[in-house]
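Trainee: I should like a close look at a single part of this model. Please describe how one strand is paired with its neighbours and what its side chains do.

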Amino acid sequence: LTGDDAGNYTFGGLTGNYSVSQLTLTGTAIAASSSTYGSTVSPGAVSFTNVVSGDEVTASASLVGTSLSTGGQIKAGSYRQQVSAIGGTDSGNYSLSPYTTATATYTVNQLTLTGSLSAGSSVYGASLAPGTVSLNNLVSGDQVQTGAVTVNTTGNLSSGGKLKAGSYTGIQSVGSTLTGDDAGNYTFGGLTGNYSVSQLTL
């Protein structure tokens, strides 16, 4: 006690309660990010403008409105991102209002397919038998087909209108068009291949 008359008194002190309300996080932002179809999705980093210096507060974003391909992967396209929870040692001192980006800030890019076209062959005079397409990196379970393999016979026909006997480089081809339920998740540059015609035994 203090004051002119403090000596006339004794005082045992007092205790009382005190409350600290959580600080509402503001300035929530989620960085733009991207991945390729079939690979791990990596949403952008989440940031806030008013976390007390030195505090450990973390948050992870997720994608909004995703749908899955036949193979179980998030389809190629653009998506908004959202955050609705926080973590970290000091997260109990803060509150977060769920936040969703106003525009699509995450892109799942199409996967570029690679592959090979096996050599085709036939006997002179017989129907052409083009090779087959093998796709190396198609996601397991996806339904994607290429177009038909064609053989360009221009300039190499006999008098009877048949592809002449011989070996030909690059006259087989398959175009870049893809079909199937999951075709939109991919790009494809097409392929070329070789073709051989063996002589007809008389």
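Mentor: Two strands pair if DSSP finds at least two bridges between them; strands themselves are DSSP runs of E, at least two residues long, numbered from the N terminus. The model is predicted, so local features need pLDDT of at least 70 and side-chain atom pairs count only at pLDDT 80 or more, while totals for chains, interfaces and linings use all residues. Residues are numbered from 1 along each chain as its sequence is written, and side-chain values use heavy atoms, with hydrogens and water left out.

The part chosen is strand β10, residues 106-109. β3 and β10 run parallel and are joined by 4 bridges; here Ser33 stands opposite Tyr106 in β10. Strand β6 (residues 77-79) is joined to β10 by 3 bridges, in the antiparallel sense, and Gly77 has Val108 of β10 as its bridge partner.

The side chains of β10 alternate. Tyr106 and Val108 point to one face and are buried, that is, under 20% relative accessible area with a 1.4 Å probe, protein chains only (exposed is over 50%, partly exposed in between). Thr107 and Asn109 point to the other face and are not buried.

Just after β3 (33-36), the loop leading to β4 (46-47) holds Tyr37. Tyr37 and Tyr186 form an edge-to-face aromatic pair, 5.3 Å centre to centre with 75° between the planes. Rings of Phe, Tyr and Trp (its six-membered ring) pair if their centres lie within 6.5 Å; planes under 30 degrees apart count as stacked, over 60 as edge-to-face and the rest as tilted. Because Tyr186 lies in strand β19 (residues 186-188), the pair ties together parts that are 149 residues apart in sequence. Tyr37 and Tyr186 are both buried.
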